[in-house]
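Trainee: I want to test the labels put on a domain interface. Can we go through them one by one?

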Amino acid sequence: MDCKRNENKTQTTTRKITSKVKKLYIETFGCQMNVKDSEHIIAELSDEYEITQNPENADLILLNTCSVREKPVQKLFSELGALNKKNPNAKFGVCGCTASHMGKEIIKRAPFVSFVLGARNVSRIKEALNTPKAVITDLDYDETTYVFKNTRKNPYKDFINIMVGCDKKCSYCIVPKTRGKELSIPMDLIIGQIEKLAAEGVKEITLLGQNVNNYGKRFSVSHPKVDFTDLLREVSKIDGIERIRFTSPHPLHADDRFLEEFANNPKICKHIHFPLQSGSTKLLKAMRRGYSKEWFLNRCEIIRQIPDVSITTDIIVGFPGESEEDFEETMDVLEKVRFEQIFSFVYSPRPLTEAADMPNQVDKQVAKERLYRLQKRHAEILDEIAKNQIGKIYKVLIEEPGMGKSDNFFTVKIPQKDKYLGEIVDVKITNANKHTLSGEVVK
Ligand code: SAH
Ligand code: SF4
Ligand code: F3S
């Protein structure tokens, strides 16, 4: 049953049909994978539920949670309490990464929650919904042969999972404990799904995974030997797909073959999210990242040879044992690479991780002060980067009226709100600030 069609029907037929359609309110925290999981959940439930933006009239309230830092976890329980006050009659479900590692503890702390569904188990949403007090947090669950449904918001671009889980052991990170072992999704399933999306008019696809360039390391089914570069080549053969993005590649696996493909394949957008975490080789070791400062800088030097390429990154400050000198190494990488964007965080000790038990935890105030210095310097770099954009001509996919993203991931505005929607146009940049560029369509 199609909910939208049903809604239209109710205007001309009986009220009974309206009352059959239940309402789902969903909040999503965390990364793009969680956003994707929420889309899948919405699609999976669409025969019974339609989305509401108002929790007060919802029959089902879902929170799709993130656990990567402490704050979002605290927020979960305050948000649950507030929503329960607003609508005590709704059914509550907690999904995602916090669900994975807290499991039944969530129902203990918030007894009105009806079910808990882990991040590795999104395809089992109906089972969770139909089992009283279900706690489904199976980390070995194999979702890789399951075709994920979605409810994409933008007609021109979409995201697609190419793997589940993470095999790394980064000492600060809880993700391997919430999403389980890394398994790649069979290539024919990925290609088939992207072909379908292309036929629906999607022009840009983003390949998602915790370590996309480790694709092909392990499948749950027998599979020809392939790697991420092979996958990129196959995706770029699909008619209609004009732009390929991916997130996140791991610097350790950024070998020359992959970087050559990135540089030379015209369909691959020239933006790479390349998570540094720290500029200190000593800390990178303690973090178990598997690469050194020199390796990271060397990879960036190669990437920077690509004209107009953007490099964005994630940085953690205040990791256990971080000295002033270690932090200066991070600042040094910032100066050398001049990232187009950084996502920077104060280290947050997480349960089930090695770093949480390290003895040399950094004082929170010291860490916060370092974060401030990092962000302040980066804001200056961004001002300089912005100035350099004037006069450049970028290929921009106009995703919303008057706005789009350049190939190298800048947000670009154009004056026409009623034209070019869904087209990739050449825009000459005439104005720039830290966050947004604007310009005129020249082709
Ligand atoms: N798989 C991706 C990262 C996923 S988590 C990768 O390896 O790059 C997203 C980001 O959250 C990480 O890159 C890291 O910068 C940050 N992060 C993870 N655990 C953290 C913690 N315990 N404290 C602070 N930031 C953390
Ligand atoms: Fe976490 Fe490291 Fe895996 Fe990224 S690669 S999800 S930081 S364990
Ligand atoms: Fe993503 Fe947060 Fe889980 S970053 S993988 S939703 S812990």
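Mentor: Start with one pair. In this predicted model, the side chains of Asp256 and Arg299 meet in a salt bridge, 2.8 Å from N to O.

Trainee: Why is the Asp256 and Arg299 pair called a salt bridge?

Mentor: The rule asks for a side-chain nitrogen of Lys or Arg within 4 Å of a carboxyl oxygen of Asp or Glu. Arg299 and Asp256 are at 2.8 Å, N to O, so the pair qualifies.

Trainee: How many salt bridges does the rule find across the interface of domain 2 and domain 3?

Mentor: One. Polar contacts between domain 2 and domain 3 come to nine residue pairs.

Trainee: Which helix gives the largest share of the side of domain 2 that touches domain 3?

Mentor: Helix H11, residues 256–264, with four residues. That side divides into eleven nonpolar, three polar and four charged residues.

Trainee: Where do the two domains lie in the chain?

Mentor: The domain assignment puts domain 2 at 142–269 and domain 3 at 274–387. The contact takes 18 residues from domain 2 and 26 residues from domain 3. Their C-alpha centres lie 25 Å apart.

Trainee: What makes the area between domain 2 and domain 3 count as buried?

Mentor: Buried area is accessible area lost when two parts are put together, summed over both. Domain 2 and domain 3 lose about 1800 Å² on that count, so this area is called buried. Carbon and sulfur atoms give 68% of it.

Trainee: Which three residues supply more than any other three of the area that domain 2 buries against domain 3?

Mentor: Ser171, Tyr172 and Pro251, with 40%.

Notes: Residues are numbered from 1 along each chain as its sequence is written. Chains are lettered from A and ligands numbered from 1 in the order in which they are written. This is a predicted model: local features need pLDDT of at least 70, side-chain atom pairs count only at pLDDT 80 or more; totals for chains, interfaces and linings use all residues. Side-chain values use heavy atoms; hydrogens and water are left out. Domain bounds come from an automatic or database domain assignment. Contact means heavy atoms within 4.5 Å. Buried area is the accessible area (1.4 Å probe) that two parts lose on being put together, summed over both. A polar contact is a pair of N or O atoms within 3.5 Å; within protein, one must be able to donate a hydrogen and the other to accept it, and residues adjacent in sequence count only if both atoms are side-chain atoms. Helices (H or I, at least four residues) and strands (E, at least two) are DSSP runs, numbered from the N terminus. Ala, Val, Leu, Ile, Met, Phe, Trp, Tyr, Cys and Pro count as nonpolar, Asp, Glu, Lys and Arg as charged, and the others, Gly among them, as polar.
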